[in-house]
Amino acid sequence: MKILAIETSCDDTAISIVDVKGSKNKPVFKILAHNISSQTKIHEKWGGVVPSLAKREHGRNLVPLLFKSLKDAQFFETCPADRRVQLCKTKVFPDKKINKLLDREVDLQKQFWQEIPSLKVPKIDAIAVTKGPGLEPALWVGINFAKALALVWDKPLYPINHLEGHILASLASHPQSTKQKAENISFPAISLIVSGGHTELVLSRDWLKYKIVGRTRDDAVGEAFDKVARLLGLPYPGGREISKLALKFKHSSRKIVPPFEIKLPRPMLNSGDLDFSFSGIKTAVLYLIQKLKLANKFDNKIKIEIAHEFQKSITEVIIAKTFKAIDQFKARTLVVGGGVIANPTLRQALQQEAARLKIKVLIPEISYSTDNASMIAVAAGFRLLAKKSRSSSSFKAEGNLNLK
Ligand code: KG4
Ligand code: ZN
C-alpha cells in the first residue's frame with residue numbers, strides 16, 4: 001500500500017510517499033519520498049509564523065513538492081496533452097468541482113491547471129492529509145489540494161490528526177536505509193509530545209488508543225523556547241538557536257557573582273500531577289534580562305548562560321513528569337515526538353533516563369521530529385492496517401483537534 005501524504009499545519013509544507021506493509025502488530029514502513037519546504041526565511045522578519053503568509057507559501061510550494069516527491073519515489077510520468085484521457089487514465093477533469101475547491105488558493109489553482117493534467121495517475125493507493133490541529137488557513141490549503149488530487153486521480157482520502165503523526169513518527173524508517181524496520185511498542189506506553197503548539201503526556205493501552213494524562217496549563221514547550229529566544233535577541237525559529245547557543249556553555253567559564261546568579265525556576269516540578277507550566281520560566285527570563293540590562297551586564301556570555309539554564313530547567317521538568325507518568329501507569333515503552341525533541345540535551349536526557357530504568361524508548365530521527373509528512377503517511381498506514389480509518393471527501397480543517 002503506497003500512501004501519499006500532505007502536511008501544511010504550520011509553516012512547513014511537506015509531502016511524503018510511504019510504502020506500508022506488514023500488520024497492525026508488526027507494521028513496516030518504507031519512506032519512498034520525504035520532502036519539506038521550510039518557510040523560515042519568510043516568517044523570520046516577523047519573529048513568528050504569519051498565518052496569511054504561511055497559507056500563501058503552501059499554495060506556491062505544494063505542486064513543486066508533489067513533483068519532487070513523485071520523482072523521488074519513481075512515480076513521475078507525464079503524458080502528451082492530446083492523448084491525456086487515454087494515456088493518463090484520468091477521467092475527464094471535473095473542472096467545476098476542482099475550481100470550487102481551489103478558488104481561495106490563487107497560486108495553487110493556477111499551478112494545478114498548468115501541471116496536474118499532464119501527469120499520469122501515479123501508482124499510489126491512497127492520499128492522507130493533516131486535518132488538524134494547526135493554523136486553519138494553512139491546514140485548508142493542504143486539505144483542498146488533497147481533495148482535488150483525490151478527485152482527479154480517483155483515490156481514497158484519509159484525514160489525519162497531526163498529533164497522532166508526531167506519536168507514530170518514530171515508526172518511520174530512514175529514507176536512505178534499504179533495510180526495513182519494524183518497531184515494536186509494548187503496552188502500556190506513554191507518549192511525550194513536545195512541539196510548538198503542544199506539550200502532552202499521553203497514555204496508550206493499545207495501538208491508536210489515547211488518553212491525555214498530562215498537559216501544559218499555559219505555553220507549549222516549543223512556544224517557551226521561541227519566546228525566550230526572542231527575549232535573548234535570537235532569530236526565529238528560536239528553539240534551535242537556543243540549543244546552538246547553549247552548546248557554547250562551559251562550566252569553567254562561569255564567573256557571575258550574586259545578585260546575578262543565573263538560576264531559573266522549575267515550574268510545577270513537585271505539583272504532584274502530570275501537568276506542566278512554562279509561562280513562568282519565560283517571565284523569569286524577562287525579569288532577569290531587565291535586571292542584567294540595568295546593570296549593563298547583558299552580553300553574549302550571559303546569553304549563553306541563560307540559554308543553558310533555560311534548557312536545563314525545561315529538561316529537568318520534562319524528565320521528572322515523563323518518568324512519573326511511566327511509573328504511575330507502569331508503562332513499558334516511552335514514545336517521543338514533536339519538534340522540541342530535536343533538542344540534543346532533552347533527547348539525550350530522555351535516552352539516558354530510559355536506559356537507566358530499562359524502559360524502551362522510541363525517538364524519531366531529527367527530520368521526523370519536526371513537522372513532516374512521513375509521520376502523516378505512517379499514521380494513515382497504521383489506521384488502514386488496523387482497519388480504523390474511513391476515507392472521506394467532506395471533512396473540514398480543525399485548528400483545535402484533540403487526540404481521542
Ligand atoms: O513539531 P513542530 O515542528 O511544529 C509544531 O507542531 O508545533 O515543532 C516546532 C517547535 C518550535 O517551537 C521550535 O522552536 C522547536 O520545535 N524546536 C526546538 C528545536 N528545534 C525545533 N526546540 C528546542 N531545541 C531544538 N533544537
Ligand atoms: Zn507538529
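Which residue forms a salt bridge with E398, and how far apart are the closest N and O atoms? K131 does, with those atoms 3.0 Å apart. A salt bridge here is a side-chain nitrogen of Lys or Arg within 4 Å of a carboxyl oxygen of Asp or Glu.

This is a predicted model: local features need pLDDT of at least 70, side-chain atom pairs count only at pLDDT 80 or more, and totals for chains, interfaces and linings use all residues. Residues are numbered from 1 along each chain as its sequence is written, chains are lettered from A and ligands numbered from 1 in the order in which they are written, and side-chain values use heavy atoms, with hydrogens and water left out.

## Salt bridges

The salt-bridge rule gives a count of 22. Three pairs are tabulated here.

| Pair | Closest N to O | Separation in sequence |
|---|---|---|
| K131 and E398 | 3.0 Å | 267 residues |
| R266 and E316 | 3.1 Å | 50 residues |
| E77 and K123 | 3.8 Å | 46 residues |

K131 lies in strand β4 and E398 in the segment after α14 (374-385), so their bridge ties together parts 267 residues apart in sequence. Helices (H or I, at least four residues) and strands (E, at least two) are DSSP runs, numbered from the N terminus. K131 is buried at 16% relative accessibility, while E398 is partly exposed at 32%. Buried means under 20% relative accessible area, exposed over 50%, and partly exposed in between (1.4 Å probe, protein chains only).

R266 and E316 form a salt bridge. This pair links distant parts of the chain: R266 sits in the loop between α9 (238-246) and α10 (279-294), E316 in helix α11 (residues 300-328). R266 is buried, at 15%. E316 is partly exposed, at 34%. Elsewhere, R56, E57, R60 and D107 are joined into one network by salt bridges that share partners.

E77 and K123 also meet through their side chains. Both are in loops: E77 between α2 (51-72) and α3 (84-87), K123 between α5 (106-115) and β4 (126-132). E77 is partly exposed, with a relative accessible area of 37%. K123 is exposed, at 59%.

## Zinc site

Which residues coordinate the zinc ion (ligand 2)? The donors are H162 (NE2), H166 (NE2) and D371 (OD), at 2.0 to 2.1 Å. Donors are N, O and S atoms within 2.8 Å of the metal (3.2 Å for Na, K and Ca); water is not among the atoms, so sites may look incomplete. The donor spacing in sequence is H-x3-H-x204-D. H162 and H166 are 4 residues apart in helix α7 (residues 162-168), so about one helical turn separates them. H162 is buried at 6% relative accessible area. H166 is buried too, at 0%.

## Strands

β1 (residues 2-7) is mostly covered, with 5 of its 6 residues buried. Its antiparallel partner is strand β2 (residues 12-23), joined by 6 bridges. Two strands pair if DSSP finds at least two bridges between them. K2 has D19 as its bridge partner in β2. The two strands form a hairpin with 4 residues between them. β1 also pairs with β4, in the parallel sense, over 4 bridges. There, I3 stands opposite A126.

An open sheet of 5 strands runs in the order β8-β7-β6-β9-β10, with mixed pairing. β8 (211-215) and β10 (360-362) are the edge strands, each pairing on one side only. The twist averages 20 degrees from one strand to the next. Strand β9 (residues 333-337) and β10 run parallel, joined by 3 bridges. L334 stands opposite V361 in β10.

## Helices

α11 lies across β6 (189-194), β7 (199-204) and β9, running at about 155 degrees to β6. Axes are lines fitted to C-alpha atoms, for helices over the stretch in contact, and angles run from 0 to 180 degrees between N-to-C directions. Contact means heavy atoms within 4.5 Å.

In α5, the buried residues include L108 and F112. The buried residues of α5 pack against α2, α4 (95-102) and α6 (136-153).

In α14, 12 of the 12 residues are buried, so this helix is largely enclosed by the rest of the structure. Its end C-alpha atoms are 16 Å apart, which agrees with the 16 Å expected at 1.5 Å a residue. That expected span is 1.5 Å times one less than the number of residues. Just after α14, K387 takes a positive phi of about 55 degrees.
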